[in-house]
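Visitor: I would like to learn how to read a model like this one. Please take me through it feature by feature.

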Amino acid sequence: MLLNNNGNEKGQQLNNGSMLLREEMQAIDSWIAKMGKHHFFDTTAQRMISVTTTLNLQYEIVGHGLNRIVYDLNNGFILKVALSEVGLMANANEAYIYNHCREEVRKYICPVSEFGSGWIIMKKMDTSVRHAVIDYTKLIKLEFIFLKYGMLPIDLRIANVAFSEENKMVVIDYGLFTMDLKSPVLRWFV
Ligand SMILES: Nc1ncnc2c1ncn2[C@@H]1O[C@H](COP(=O)(O)OP(=O)(O)OP(=O)(O)O)[C@@H](O)[C@H]1O
Ligand SMILES: [Mg+2]
């Protein structure tokens, strides 16, 4: 009997050192194939029902946005699965940004640990943001830091930030950030 990262007995195949089991990756692949058949105007609620039934993951859902559903892997990491084409792009973009951004800004974005087709695994952060004036001040300062180092922080807002163990504000959703003015991200806006 094999153990997964939670230490739970699952009797399933571990996957080349990945935090995800092979069955979980296959379930994500099935969902991504189904996702393509969803109508562009299908609501997030409709996609949520479809994704949770198809994935049937044993992890707790810790949140979702318009474009991704987020599971707690229970080992200090979270799994984001795309709900839409934008979600697919956001996952790929976050993996790219984390691996290619300047050292000066990397400490302000949530670390990516693994990335695959339609999914990404990131460090779990404390999302109990206090929505106090001080948080908004920090958010504005953060915006300037990204701009200073040549990154356009599209969609940087309080719902997309959290706190690290050292109590530093970090961006947990930087799927629409761009370091390149020719980025496909900007085609959605311009
Ligand atoms: N690293 C993380 N640690 C803890 N919780 C997270 C993390 N990343 C995301 N979440 C939770 O999941 C929610 C949705 O994540 P995220 O904002 O990345 O999804 P999204 O679909 O891209 O959002 P949007 O609607 O802004 O496009 C967050 O608001 C937060 O509650
Ligand atoms: Mg978000």
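**Reading the fold**

Guide: Begin with the secondary structure: the chain has 5 helices and 7 strands. Keep in mind that this is a predicted model.

Visitor: What pattern does the chain follow along the sequence?

Guide: Reading along the sequence gives α-α-β-β-β-α-α-β-β-α-β-β. Of the contacts in the chain between residues at least 6 apart in sequence, 50% join residues at least 24 apart.

Visitor: How much of the chain is buried?

Guide: Of the 190 residues in the chain, 46% are buried. The accessible surface comes to about 10500 Å², and carbon and sulfur atoms account for 55% of that.

Visitor: Take one helix, α1. What span should its 14 residues have?

Guide: A helix is checked by its rise per residue. At 1.5 Å a residue, helix α1 (residues 22-35) should span 20 Å, and its end C-alpha atoms are 20 Å apart, so the two values agree.

Visitor: Which residues of α1 are buried?

Guide: They are E24, A27, I28, W31, I32 and M35. Because these residues cover an arc of only 140° around the axis, they lie on the same side of α1.

Visitor: What do the buried residues of α1 pack against?

Guide: Their partners are two helices, α2 (44-55) and α3 (85-100), and two strands, β3 (77-82) and β5 (119-123).

Visitor: Where does pLDDT stay under 50?

Guide: That happens over residues 1-11, for which the model has 27 contacts beyond four places in sequence. For the chain, the mean pLDDT is 88, with 87% of the residues at 70 or more.

Methods. Residues numbered from 1 in each chain as written. Chains lettered and ligands numbered in written order. Predicted model: local features only at pLDDT ≥ 70, side-chain atom pairs only at ≥ 80, totals over all residues. Heavy atoms only, no water. Helix = DSSP H or I, 4+ residues; strand = E, 2+ residues; numbered from the N terminus. Buried < 20%, exposed > 50% of the residue type's maximum accessible area, 1.4 Å probe, protein only. Contact = heavy atoms within 4.5 Å. Areas by Shrake-Rupley, 256 points an atom, 1.4 Å probe, with all protein chains shown as cover. Expected span 1.5 Å × (residues − 1). Arc of directions from axis to C-beta. pLDDT = per-residue confidence, 0-100.
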